[in-house]
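Dear colleague,

Please find below the structure that I am handing over to you, followed by a short account of what was found in it.

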Amino acid sequence: STLSTGLSINGGTVDRVGIRAFGDDDFMRRGLVTTGSGVTVKNSAISGGGIAQGYGIYNIGHELNVYDTTFEHPVQPYENEHYGIYSTGTLFGRRLKFIGERSAITFAGTQMEIYDSLFDMGAAESAVTVNAGAVDGSFLLHGVTVVGNASNQVAVRLIGSTHQKSGDIRDSLFDLNGAGSTEM
């Protein structure tokens, strides 16, 4: 396998940028990689496709702020994992739109807050996954809408671990109507 990154940023702002990370092989695609804290992404569109493992934004251990940005993965069914955002740092997002990502947000960090966002799941598996790697901290989903109609979808998936993770979901709508689907 080979890694392929569209853009790496070490602090600063990405504004009005379109990133496409498509692949039809076993390459790992990363649209945007944070290499330092204080990264802000706004007014942008990040899309992926193909059978490769893909990340719209790959944030390992840093502070990441994302506003008014669309993440889309139009190619289904999947052969590998596809993430809109994968974060092991802090993640703050507002007015985000996820369309068809296999897992829109996978979080294994210290704090996550997502506001006023849409998760249009298509055939995706989960909107938000809180991984076992998450350390003590919290997550907040406020004013999010999650819709989907495929089988066995999960709006918020908590993967077991020994850490203490507190979560708060407020003023949100979950409409998953596929067989075997659940909100949490």
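**Findings**

A nonpolar patch on the surface is formed by Leu158, Ile169 and Met184, which together have about 270 Å² of accessible area. Please bear in mind that the model is a predicted one. Within this patch, Ile169 belongs to strand 18, residues 165-170. The residue counts as partly exposed because its relative accessibility is 30%, and the partly exposed range lies between 20% and 50%.

Leu158 also leads to the strand pairing. Its bridge partner is Val130 of strand 14, and strand 14 runs parallel to strand 17 (residues 154-158), with four bridges joining the two. Strand 14 further pairs with strand 11 (residues 103-107), again in the parallel sense and over four bridges. Here Val130 is the bridge partner of Phe107. Val130 is thus named in both pairings, with Phe107 and with Leu158. As for its surroundings, strand 14 (residues 126-130) has five of its five residues buried, so the rest of the structure largely encloses it.

A separate point concerns His62, which is located in the loop between strand 5 (53-59) and strand 6 (63-67). His62 counts as buried because its relative accessibility is 19%, and the cut-off for buried is under 20%. Its side chain reaches the backbone oxygen of Ile60 at 3.2 Å. Apart from neighbours within four places in sequence, His62 is in contact with Thr34, Thr35, Gly36 and Ser37, as well as with Gly89 and Thr90.

Yours sincerely

How values were computed: Residues numbered from 1 in each chain as written. Predicted model: local features only at pLDDT ≥ 70, side-chain atom pairs only at ≥ 80, totals over all residues. Heavy atoms only, no water. Buried < 20%, exposed > 50% of the residue type's maximum accessible area, 1.4 Å probe, protein only. Polar contact = N/O pair within 3.5 Å; in protein donor to acceptor, adjacent residues only side chain to side chain. Contact = heavy atoms within 4.5 Å. Patch = residues over 30% accessible without salt bridge, like charges linked within 9 Å, V, L, I, M, F, W, Y side chains within 5 Å. Areas by Shrake-Rupley, 256 points an atom, 1.4 Å probe, with all protein chains shown as cover. Salt bridge = Lys/Arg side-chain N within 4 Å of Asp/Glu carboxyl O. Pairing = 2+ DSSP bridges.
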